[in-house]
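Got your viewer open and a selection box ready? Let's walk through this one stop by stop.

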Amino acid sequence: MRAIFKFFFINSKYIPRCIKDKMKNIFIITLLLNSWTVIFPQTKLDPAGKDSITYQLNPITISATRYPEQILEIPYAVSIINKNQLTKLKGYGLDEILNSVPGVLAQSRSGNQDVRLMIRGFGARGAGDRSNSGTSRGLRVMVDGFPETEPDGRTSFDNIDLSLADNIEIIRSNSSALWGNASGGIINISSIPYIEKAFVNAQGYLGSFGFKKYTFQSGARLGNGIVAASFSSNTFEGWRKHSGSKRSIFNLGFISNLEENSKHGVYLTGSSNVFHIPGPLTLDQYNSDPKQANPTYEKRDERRYNRTGRIGVTFEHNFNSNHLISVMAFVNPKYLQRSERGTFRDFTRYHVGGNVLYNQSYKFSESLNNKLILGLDEAYQDGAILFYSLSNTNNRGNELTSNKREGANNFGAFLQDEINIADDVSILIGGRLDNIAYFSEDFLDPKLGLQEKSFKHFTPKAGITYRLTPTHSIYANLGGGVEVPAGNETDPAGTYGQDTVYLINPLLEPITSTTFEAGTKQIIIFNSEEFIQSLNYDLALYYINIKNDIIPYRGGRFYFAAGKTTRSGAEFGLNLQLKNGISFQTSFTYSINKYNEYLVDSVHYGVPGKVADYKDNKVAGIPDLFYSASISYSPDYMKGVFLSFSTNGIGKYFVDDANKTEVPAYNIFNASIGILNDLKIGNLFSVKGFLSVNNITDKKYVGSAFINPDLIAGKAVYIEPGLPRNFTASICIAIK
């Protein structure tokens, strides 16, 4: 390992000295953490009365890496959320569970599925006024391996209900070398459970502010395959004025072995989702009444009504133990309606795509083997956009004001090779070439014609993992990242009506980044007689150089690019299980995020020729600190009954590049009680459920904020208030 360290971080002529110094410090800290193995060895008393070290561990694998791989072998930061963690949630928004993951910040914008989601700062700009409600940026989200993320990098959450999920995999490292555009982090949600025998579950939820939800899940084995179906329907009156929502989701999955070495799957998803947008408040409005809606948003009844569907198919064939090929394809039609900024908007889109992947495993000797993957991805989205006047009832008016076609195509080819040496060292190297193209056509203004723009980028990745023991590894990686401007960001849409030339912003270029990361992971299973039963932890340290970081202005009405930005941070996660039924979990993230080069032309504010220099300012929208902790009590004698208490919070952060408007820090406390395991009622039925109280102290806080917001009468309009104290009760009846 000393030779490897010297090669990568000392002798390299291609890494700047400042980066070498940072990586050297990271590597030293990581090595110091290895002392944990000495402090907490796994012990088991042998018959002779002597202690011997043993390792009792079933391999934990993750598939969001393009093929199943043991979590300890992966040379970057990953997290897994299992079914037990998901059963204690109302399941509406990703913020309910992702805030327990180091490096991940999810902020609810109005109490429903609309969240501001970011991983290591990627996605931070995804909150604002223009085409941002209900969507995220810079992160790739998938359900059963099918993308919720569109080719331009935007992601909506219409098809995601956590109560229907079986597990969630999170890659916290930039994964552009595998997944391409907008892969600053990966979230893969699996909806198909493991099925031993047929089951039917029906669950009901009731909560504060008119929250009602019903879910149905079933599954069965059919010959060589399984079939699973689920349905969810919920309504939420909303705690703020004009923040009600309603959503229904249906999933159907069928997986079968065609023959001994072949497997195929068919997946069907559909959703109908409507939510009203209460909008941001000024500080004075927030202080006087956080439940009020933004008067303009309420007057125009700003809302989204999304109807989407998807059918996807997968096929996998093992030619032999060394050669595998897999194919995936999907069709995703969408019909989206909005009341937004004084217009009624109809979007008719279709998103189609797929991939093909070849996986080769080769064993050179007993101590040396190789895994090679190469593949192609294709995703295409096209569709019509019609803008109408807004009627007196805030519906579609009679005047057609815009008739456009807007689309994007994302093609990528990737290769990754992994060499494993004696089960101790794993070396990974790979890269990906992406070609991302936009096109836009205005049918009401033919002189604009069809306009196109494309971005090409190659993204490399290299990593190394060293297994100190079968249950403890350290790793380091160096990789790139790419994120092109999303659709609404490429549309210049003149701030004051002055843009009559371009349909696609000629000024914005892709965000490119380089990530340096090192970390350690350990999973310890102790002797069954020990007070500590198990202990898992992971630590990741990272440093990210970014060029052309895209920054929203006036709440997202238009976008600039910062020249250079840096982000550096530390993430720590810990899970501890004690013999008496007490379990403890915590996550902690600290980061420093600043602009290194950033000059802003302020012509949009009526001062031609003037610029503002934001060098060394903190990046807007990213807190330096956020954390979570929970403790749960569920001893064996209580037969699955649990009590839990949790807290989560974030430090203060700025919402503007000038660092003049600040969101204060906050901390929220929550508690829940329930039955985690099925409680049998006769031979056929079982029941379980929970009662939770969130924000126990009824803390008043800013849940989310617009970045570089509008100023009205000199006052920033940026605050999206967080939920006050709220309750959720649920009961589930199962037939098995």
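Select Thr 282 to begin: with a relative accessible area of 11%, Thr 282 is buried (buried means under 20% relative accessible area, exposed over 50%, partly exposed in between, using a 1.4 Å probe and protein chains only). Thr 282 sits in the loop between strand S18 (262–276) and helix H7 (283–288); helices (H or I, at least four residues) and strands (E, at least two) are DSSP runs, numbered from the N terminus. What does Thr 282 contact, leaving aside its neighbours within four places in sequence? Show Lys 715, Ala 716, Val 717 and Ile 719; contact here means heavy atoms within 4.5 Å.

A word on what you're looking at: this is a predicted model, where local features need pLDDT of at least 70 and side-chain atom pairs count only at pLDDT 80 or more, while totals for chains, interfaces and linings use all residues. Residues are numbered from 1 along each chain as its sequence is written, and side-chain values use heavy atoms, with hydrogens and water left out.

Now zoom out. The chain has 9 helices and 41 strands, and 57% of its 736 residues count as buried. Take the contacts between residues at least 6 apart in sequence: 65% of them join residues at least 24 apart.

**The nonpolar cores**

Next, select Tyr 553, Tyr 595, Tyr 598, Val 663 and Tyr 718. In the largest nonpolar core, which has 33 residues, these five touch the most other members. A nonpolar core is a set of buried Ala, Val, Leu, Ile, Met, Phe, Trp, Tyr and Cys residues joined through side-chain atoms within 4.5 Å. Colour the strands that each supply at least two residues of this core: S28 (532–553), S29 (558–578), S37 (666–681), S39 (702–712) and S40 (715–721). Which strand gives the most to this core? That's S39, with 4 residues.

Stay on Val 663 for a moment. Beyond its neighbours within four places in sequence, Val 663 is in contact with Lys 652, Tyr 653, Val 655, Val 702, Ala 705 and Tyr 718. There's also a second, separate core of 30 residues; pick out Val 115, Ile 119, Ala 165 and Ile 544, which are among its members.

**The largest cavity**

Turn to Arg 140, Pro 147, Asp 377, Glu 378 and Ala 379. Of the 20 residues lining the largest cavity, these are the closest to its centre. On a 1 Å grid over the protein atoms alone, a cavity is a set of points where a 1.4 Å probe fits but cannot get out, and lining residues have an atom within 4 Å of a point. About 200 Å³ of space lies in this cavity, a volume being the space filled by probe spheres set on the points, with grid points joined across faces, edges and corners.

To see the walls, show strands S9 (140–143), S20 (323–340), S21 (343–365), S22 (368–390) and S23 (396–421), the elements that give two or more residues to the lining.

**Aromatic stops**

The structure holds 16 aromatic pairs. Rings of Phe, Tyr and Trp (its six-membered ring) pair if their centres lie within 6.5 Å; planes under 30 degrees apart count as stacked, over 60 as edge-to-face and the rest as tilted. Try Tyr 350 and Tyr 380: their ring centres are 6.2 Å apart and their planes at 45°, so this pair is tilted. Tyr 350 is in strand S21 and Tyr 380 in strand S22, 30 residues apart. Tyr 350 is partly exposed, at 39% relative accessibility, and Tyr 380 is partly exposed at 22%.

Then jump to Phe 645 and Phe 669, a stacked pair at 6.0 Å centre to centre with 20° between the planes. Here Phe 645 lies in strand S34 (residues 641–650) and Phe 669 in S37, 24 residues apart. For a cluster, select Tyr 92, Phe 211 and Phe 236.

**Lys 246 and two loop residues**

Keep Tyr 92 shown and add Lys 246, in strand S17 (residues 245–259). Not counting residues up to four places away in sequence, Lys 246 touches Tyr 92, Asn 234, Thr 235, Ser 272, Asn 273 and Val 274. At 48% relative accessibility, Lys 246 counts as partly exposed.

Last, check some backbone angles. Most residues other than glycine have a negative phi. His 242, in the loop between strand S16 (225–236) and S17, has a positive phi near 60°. Asp 423, in the loop between S23 and strand S24 (425–442), also has a positive phi near 60°. Buried or exposed? His 242 is buried at 16% relative accessible area, whereas Asp 423 is exposed at 63%.

Terms used. On a 1 Å grid over the protein atoms alone, a cavity is a set of points where a 1.4 Å probe fits but cannot get out, and a pocket is an open set with protein on both sides within 12 Å along at least five of seven lines; lining residues have an atom within 4 Å of a point.
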